[in-house]
Amino acid sequence: MHTRSAWGSRLGFILASAGSAVGLGAIWKFPFVTAMNGGGAFILLFLLFSFTLGLAQLLVEFTLGRAAQTGPVGMFRQLAGGAWPLVGLMGIFAAFVLYSFYSVVGGWTLGYIALAVEGSVLTTDSGVLQQTFARYVEDPLWPIVSHAAFALATLAIVLGGVEKGIERASKLLMPALFLMMLGLIVRSLTLPGALAGAIIFFTPDFNAVTPAMVGDALGLAFFSLSLGTGGMIAYGSYVKKETPVLHSAAWVVGLSCMVAILAGLMIFPALTAFGLDPAAGPGLTFMTMPIVFASLPFGQALAVVFFTLLAVAALTSSVSMLELIATLFLDEFKLPRRPVVLGLSLAVFVCGVPASLSLGPWADISIFGKNIFDAMDYSVSNVMMPLSGMLVALFAGWRVWPLLREHSGLGGLPLFLLKWNCRLVAPLSIAAILLKNL
């Protein structure tokens, strides 16, 4: 018989949700996007959108999940019916595609832990590091092996269930993530010239503010909080009906923003100190940060800590993706957790293999001008997630507003603002991101 799980504590719920929001993106994406968009001005916009539109959308997803006590498909069916469950299915499909190629990148972090342990990435020659990265991701075997290892690590956590698996792991992984980041920040700020990098990172350049920057900040705020796949609806569904979620949502936004800022403070001063390019994208992590460690005392140990940190950040997100996909089968078909999670992990691994091979032996295969990996990324990040997020906001504001009003824990002006955020502001904002991305 299927018995629905629940969070054992509010702290576990907050840490698991924050872990879902953090992911790899906060560690490598936030610093270089900030550097390309005027430093402090972009940070202010990012924080503004995170604590307004982002917080409102997160509260909506938590509240809908808690009210229905089921995953996104069941939530839409229970609260509205009709064609609405298809929105939940789209979000789950987006999460499946996302997890398939995300697990490949998560595998890179495990592979780089091994390379850091053997010391092969500790060099100040950027050309050597670029060749090392290219050889690794283009190899037909090792990225798939590391992809399998990462999928197995995620599987092991999710097999334990919500309280004994995800919640227990989050209580360990999230504090470990903060401690490792703080240690690297302290070391980064002691480098010659690092303080100047920190000042550049935080000093706002309002002359650099453009409509494109505003769109980037809004998009990063929404999607750094894992909004748009239904993952937060699934996490909210494990909250007991009498438990308020407003403060939990605020904590999740705060922790997510804190990790992003800490990531910038960890990476940007060090890059400035060594005269490296902060706009290197994924190469910021895998091709330039080892230069920093190679120039430091105990650099090899720091490199191992850094890539372990990346792996931890990746795991905290991957467990939420797998759990979201699993809710479809756990809630809708009442199947037992173990075979569901095992089968889904195998399916994700199989679908991730073409994404990995598309960076090497299958690089010539093109889908709308993109390789398989980039096509999967684009379809999720630029189409499915924004569209799903917009539909969730419209659903909350127009279709089930009386229920949301009753369960949100808000009143007065905040409730009025939430209502029109769901009905107009969030849908129009997300539509603007969607049109920009298309």
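**Helix naming and model.** Helices in these legends are DSSP runs of type H or I with at least four residues, numbered from the N terminus. By this naming, A396 belongs to helix α16. The model shown is predicted.

**View 1. A396 in helix α16 and its spatial relation to K419.** The view is centred on A396, a residue of helix α16. A396 has a relative accessible area of 0% and is therefore buried. K419 is 23 residues away from A396 along the chain, and the C-alpha atoms of the two are separated by 8.4 Å. Helix α16 spans residues 372-399 and also contributes at least two residues to the lining of the second largest cavity, which is the subject of View 3.

**View 2. The largest cavity and its lining.** The structure holds 2 cavities of 30 Å³ or more, and the largest of them encloses about 70 Å³ of space. Its lining consists of L184, R187, S188, M266, A270, M289, V292, F293, L296, L302 and F306. Two or more of these residues come from each of the helices α8 (161-189), α12 (246-273), α13 (282-294) and α14 (299-332). By class, the lining of the largest cavity comprises 9 nonpolar residues, 1 polar residue and 1 charged residue.

**View 3. The second largest cavity and its lining.** This cavity has a volume of about 50 Å³. The residues around it are E61, P72, F76, V87, G88, G91, G228, T229, G230, I233, S388 and V392. Helices α4 (72-79), α5 (85-118) and α16 (372-399) each provide at least two of the lining residues. The greatest contribution is that of α5, with 3 residues. The lining of the second largest cavity divides into 5 nonpolar, 6 polar and 1 charged residues.

**View 4. The salt bridge between R77 and E332.** Side chains of opposite charge can pair when their charged atoms come close. A search of the whole structure yields 2 salt bridges. In the one shown here, R77 pairs with E332, and the closest N and O atoms are 2.3 Å apart. Because R77 lies in helix α4 and E332 in helix α14, the pair ties together parts that are 255 residues apart in sequence. R77 has a relative accessibility of 45% and so counts as partly exposed. E332, with a relative accessible area of 25%, is likewise partly exposed.

**View 5. The salt bridge between E323 and R337.** The side chains of E323 and R337 form a salt bridge with an N to O distance of 2.8 Å. The pair links distant parts of the chain, with E323 in helix α14 and R337 in helix α15 (residues 337-357), 14 residues apart. Both E323 and R337 are buried.

**View 6. Positive phi values at F298 and K334.** Most residues other than glycine have a negative phi. F298 is not a glycine, yet its phi is positive, at about 55°. F298 sits in the loop between α13 and α14. Its relative accessibility of 72% is over 50%, so F298 counts as exposed. K334 also has a positive phi, near 55°, and is a residue other than glycine. The position of K334 is in the loop between α14 and α15. With a relative accessible area of 52%, K334 is classed as exposed.

**View 7. A nonpolar surface patch that includes L44.** The surface carries a nonpolar patch formed by L44, F206, V209 and V214. Together these four residues have about 340 Å² of accessible area. L44 is part of helix α3, which covers residues 40-68. The relative accessibility of L44 is 46%, so this residue counts as partly exposed.

**View 8. The segment before α1, with A6 and V239.** A6 is located in the segment that precedes α1 (10-22). At 27% relative accessibility, which lies between the limits of 20% and 50%, A6 is partly exposed. V239 is 233 residues from A6 in sequence, while the C-alpha to C-alpha distance between A6 and V239 is 6.1 Å.

Definitions and conventions. Residues are numbered from 1 along each chain as its sequence is written. This is a predicted model: local features need pLDDT of at least 70, side-chain atom pairs count only at pLDDT 80 or more; totals for chains, interfaces and linings use all residues. Side-chain values use heavy atoms; hydrogens and water are left out. Patches are made of residues with over 30% relative accessible area and no salt bridge: like charges are joined within 9 Å, nonpolar side chains (Val, Leu, Ile, Met, Phe, Trp, Tyr) within 5 Å. Accessible areas come from the Shrake-Rupley method with a 1.4 Å probe; for residues, only the protein chains shown count as cover. Buried means under 20% relative accessible area, exposed over 50%, partly exposed in between (1.4 Å probe, protein chains only). On a 1 Å grid over the protein atoms alone, a cavity is a set of points where a 1.4 Å probe fits but cannot get out, and a pocket is an open set with protein on both sides within 12 Å along at least five of seven lines; lining residues have an atom within 4 Å of a point. Grid points are joined across faces, edges and corners, and a volume is the space filled by probe spheres set on the points. Ala, Val, Leu, Ile, Met, Phe, Trp, Tyr, Cys and Pro count as nonpolar, Asp, Glu, Lys and Arg as charged, and the others, Gly among them, as polar.
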